[in-house]
Amino acid sequence: MASYSGSDFYCDVAIPHPDLLDVVLENQRVLAFHHTRPFWEVHIVVVPKSHIPSLTDTSPDDAEDLAALLAAVKEVARGVEQEHGAAAVTTNLGAYQDSKHLHVHIHSGGRRTVG
């Protein structure tokens, strides 16, 4: 996949073009796919299709999207845990968040080497 330099990869690329990704799960509200630049041996990202800037920017209006996101995270994490014996679930906030769209990382295994 080509390099991306914008601020919301998910709204700009992933959600409108899931055919460019290795999709794990997709429904009306959520998209889960293998990270395009994985940091761990197994690295999946789950995003709501609605633009929500981050976990700390949620409101009661986001309840259905958050419920769908959490259900997808649970399903994908369960699969990773069953296949690999362990899974971690994380999200980033503030300066740690490269793409300003709520997203959850599900990962397992060691860190990948770069280069």
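**Strands, cores and a pocket in a predicted model**

L69 is placed in helix α2. The model discussed here is predicted. L69 has a relative accessible area of 6%. Buried means under 20%, so L69 counts as buried. Leaving aside neighbours within four places in sequence, L69 is in contact with V30, V46, V47, P48, L102 and V104. One of these contacts, V104, lies 35 residues away along the chain. The C-alpha atoms of L69 and V104 are nevertheless separated by 8.6 Å.

Helix α2 also takes part in the largest nonpolar core. This core has 17 residues. I44, V46, V76 and I106 have the most contacts inside it. At least two residues of this core come from each of β2 (30-34), β3 (40-48), α2 (63-84) and β5 (104-111). The helix α2 gives the most, with 7 residues. Another core, of 10 residues, lies apart from the largest one. Its members include F9, Y10, L31 and F33. In soluble globular proteins, nonpolar side chains tend to be buried together.

V76 offers a closer view of the largest core. Which residues does V76 contact, leaving aside its neighbours within four places in sequence? They are V24, L25, A32, I44 and I106. Of these contacts, I44 and I106 are also listed with V76 among the residues with the most contacts inside the core.

The strands were examined next, starting with β1 (23-26). Strands β1 and β2 pair in the antiparallel sense over 3 bridges. A hairpin of 3 residues joins the two. Within this pair, E26 stands opposite L31 in β2. V23 stands opposite F33, also in β2. Both L31 and F33 belong to the core of 10 residues.

Strand β2 also pairs with β3. Here 5 bridges join the strands, which run antiparallel. The hairpin between β2 and β3 passes through 5 residues. V30 has P48 in β3 as its bridge partner. V30 and P48 are both in contact with L69 of helix α2. Is β2 enclosed or open? Of its 5 residues, 4 are buried, so β2 is largely enclosed by the rest of the structure.

Strand β5 has partners of its own. It runs antiparallel to β3, and 6 bridges join the two. In this pair, H43 stands opposite H107 of β5. Strand β4 (residues 88-91) is also antiparallel to β5, with 4 bridges between them. V89 stands opposite I106 in β5. I106 is one of the core residues with the most contacts, and V76 is in contact with it.

S108 is found in β5 too. Is this residue buried or exposed? Its relative accessible area is 8%, so S108 is buried. A polar atom of the S108 side chain lies 2.7 Å from the backbone oxygen of A86. Not counting residues up to four places away in sequence, S108 touches W40, E41, V42, V80, H84, A86 and A87. A86 therefore appears both in this contact list and in the polar approach to the S108 side chain.

The surface was also searched for open space. Rolling a probe the size of a water molecule over the atoms shows where empty space is left. The largest pocket has a volume of about 530 Å³. It is lined by 23 residues, of which Y10, H35, R37, D98 and S99 are the closest to its centre. Helix α1 (9-14) and strand β3 each supply at least two residues of the lining. Y10 also belongs to the core of 10 residues.

P16 lies in the loop between α1 and β1. Its relative accessible area is 42%, so P16 is partly exposed. P16 touches Y10 and C11, not counting residues up to four places away in sequence. Y10 thus links the pocket with the contacts of P16. P16 and K49 are 33 residues apart along the chain, and their C-alpha atoms are separated by 9.2 Å.

Notes: Residues are numbered from 1 along each chain as its sequence is written. This is a predicted model: local features need pLDDT of at least 70, side-chain atom pairs count only at pLDDT 80 or more; totals for chains, interfaces and linings use all residues. Side-chain values use heavy atoms; hydrogens and water are left out. A nonpolar core is a set of buried Ala, Val, Leu, Ile, Met, Phe, Trp, Tyr and Cys residues joined through side-chain atoms within 4.5 Å. Buried means under 20% relative accessible area, exposed over 50%, partly exposed in between (1.4 Å probe, protein chains only). Contact means heavy atoms within 4.5 Å. A polar contact is a pair of N or O atoms within 3.5 Å; within protein, one must be able to donate a hydrogen and the other to accept it, and residues adjacent in sequence count only if both atoms are side-chain atoms. Two strands pair if DSSP finds at least two bridges between them. On a 1 Å grid over the protein atoms alone, a cavity is a set of points where a 1.4 Å probe fits but cannot get out, and a pocket is an open set with protein on both sides within 12 Å along at least five of seven lines; lining residues have an atom within 4 Å of a point. Grid points are joined across faces, edges and corners, and a volume is the space filled by probe spheres set on the points.
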